[in-house]
Protein chains: 2
Amino acid sequence: MRATTADVFEAMQDDLNRVERRLLEAASIDFPIVSGMVQDLVKTGGKRLRPLLLLLAAKAFDYERDRAVTAAAGVELLHTASLIHDDSIDRAALRRGQPTLNTQLSTGAVILIGDFLFAQSAILAAATDSTRVVSIFASSLGSICDGQLRETLDAHRLDQDRETYEHRIFGKTASLFAGAAEMGAVIGGASEEAIQQLRDFGGDIGMAFQIIDDVLDLREGTQMLGKPAGNDLRQGVVTLPTMLFAADLPEDSPTRTTLEEIIAGEEQRDDVIDDVLAEIRASDALDRAEGIAAEFSARARGRISVVPNAEVREYLNNVVDLTLIRSF
Amino acid sequence: MRATTADVFEAMQDDLNRVERRLLEAASIDFPIVSGMVQDLVKTGGKRLRPLLLLLAAKAFDYERDRAVTAAAGVELLHTASLIHDDSIDRAALRRGQPTLNTQLSTGAVILIGDFLFAQSAILAAATDSTRVVSIFASSLGSICDGQLRETLDAHRLDQDRETYEHRIFGKTASLFAGAAEMGAVIGGASEEAIQQLRDFGGDIGMAFQIIDDVLDLREGTQMLGKPAGNDLRQGVVTLPTMLFAADLPEDSPTRTTLEEIIAGEEQRDDVIDDVLAEIRASDALDRAEGIAAEFSARARGRISVVPNAEVREYLNNVVDLTLIRSF
């Protein structure tokens, strides 16, 4: 019988609670008001997929729980720090339905809080007592920044190819999933081959995760995501579904012209943007993008056989399900 | 005969050149234009005092040059990343006489470039293959952010005490000098007692360095520093000389009222600010602040005896001189 996605959370709840406690300790800042805001933000954090992945990758082999929990807290804190800078850059008002730090504090304070959390996350990585874990950790941060820089400097073109898009979202999102799984496998003392398979597993589900995210951004409204639909488009960021949609538009189509204007920031009227969103939704672009996400997920599932422990294999399958069917 | 400050640079030139090469490699970004800007910024970097300190602290004991050079490049890159965020927060137009990144790129790109360089610096720290070095490195970054947060959230009061000021500048500046010396001593395999003495040596010269910086900010004009005089005051940041000056002003003095208004950002007229700057310069506040810097330097000199190698002791004395007599 196939386990449900609830099983993995039930099985890992105790360890995830330990991650939570380390996370809140590390996110404490010596200014009570700011500290409260940061801790609220940490507490409302999503499903802890990255820590879960790291813990499972370690549990698949020789589970040194304390070191795995420490690294998992570090990975989640790195992710949180990165979101804080990201929201500040995008001037986002909401994150997971909560007001962002940048609506409450000066840009300077927000940058420094992000930096402080990067430092705290690196302290957690170093506490695993493995320079290999620290290297993976630091490389993942480098990849995240590279991906986000690509989004800032290079994502505002309708005619980019899929390789460019995939390169960008690997950096922005999949690199930390890959790094989390790799760190877990390293802490678990897996063989080099198994470490590489788990790293690639993480990378594949990270790719699927981000593609689904890009689909949801175009499909869903404020209530579901805690942010407005079409947010990427409004920021001028071209994602996979938009690329697929645009590829089918004739050169001289008025929709293409409007889309170009939206991406260039020249067209900002909500009703015009909503019309284009409706056209994208009415096309097969979202379904095709979901199909590509499913390909990444299938590739991820193919790698799970490297794990000797049958229970952990089930849980890793649960994690793949989570990246596909999530409504969060 | 006492060595001159030129001697230490001559003796360490070859190793500092190695640091320079590692630094430029690590600061290379996959976007040619941005990469050029960042490398220009790295190249025009000051006297490399932090790498010099780290190299000397290692050379004082068992000099593993490659590891020391790697860590030294990491420390300088961490410092550079921190300056990039700092200039973005302060909206500074010039750094070392050159236009800052934030005058050439969007805030978002500047934040991400800083983050990317943090990541690269952490990769260098991990390449020393010592989790202790990484821990010191990450703690130093945490202290820098804490100090800068204090400056942003808590430095805009005229009635703060010296402890508050010293706590803040220790974080902002002295913590990385302390960390650099500590990392060097750890890499050199020094005894725990010697590591602590060298860490405190670094902390003391860092404190002297920042106090002199705060004095120069009030004393010098654009040409000398590559930024306008009284920059701190214009940002509402109260430093030691201003605190000492204000402590001698009667409660009802018009200068105190004007000073309060400048710090609160209510008074921004250049001629009014220049008048207050002239009053501070005419008082003994700058001399008294320099006296306090000299006390830190003297304390630093007292710690040098822990180093067994006479030549390195001379060079460390040179470094103390550099923090006091610098005109850069």
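This passage describes the symmetry, the chain contact and the nonpolar core of a two-chain model. The model is predicted; local features need pLDDT of at least 70 and side-chain atom pairs count only at pLDDT 80 or more, while totals for chains, interfaces and linings use all residues. Residues are numbered from 1 along each chain as its sequence is written, and chains are lettered from A and ligands numbered from 1 in the order in which they are written.

Chain A superposes on chain B (least squares on the C-alpha atoms of residues with pLDDT of at least 70 in both) by a rotation of 180° with 0.0 Å of shift along the axis. The RMSD is 0.0 Å. The two copies are thus related as by a two-fold rotation axis. Within chain A, A:Thr131 comes closest to that axis, with its C-alpha at 2.8 Å.

Chains A and B each give 33 residues to their contact. Residues are in contact if their C-beta atoms, placed from the backbone, lie within 7 Å. On the side of chain A that touches chain B, the elements giving two or more residues are α4 (65-90), α5 (107-126) and α6 (131-154). Helices are DSSP runs (H or I, at least four residues), numbered from the N terminus. α6(A) gives the most, with 13 residues. Both copies use the same surface: 100% of the contact residues of chain A recur in chain B.

The largest nonpolar core has 219 residues. Such a core joins buried Ala, Val, Leu, Ile, Met, Phe, Trp, Tyr and Cys residues through C-beta atoms within 7 Å. Buried means that 20 or more other C-beta atoms lie within 10 Å of a residue's own, with C-beta atoms placed from the backbone. A:Leu54 and B:Leu54 have the most contacts inside this core. Beyond its neighbours within four places in sequence, B:Leu54 contacts residues including B:Ala68, B:Val75 and B:Met183.

Technical notes: A residue is buried if 20 or more other C-beta atoms lie within 10 Å of its own, exposed if 12 or fewer, and partly exposed in between; C-beta atoms are placed from the backbone. Two residues are in contact if their C-beta atoms, placed from the backbone, lie within 7 Å.
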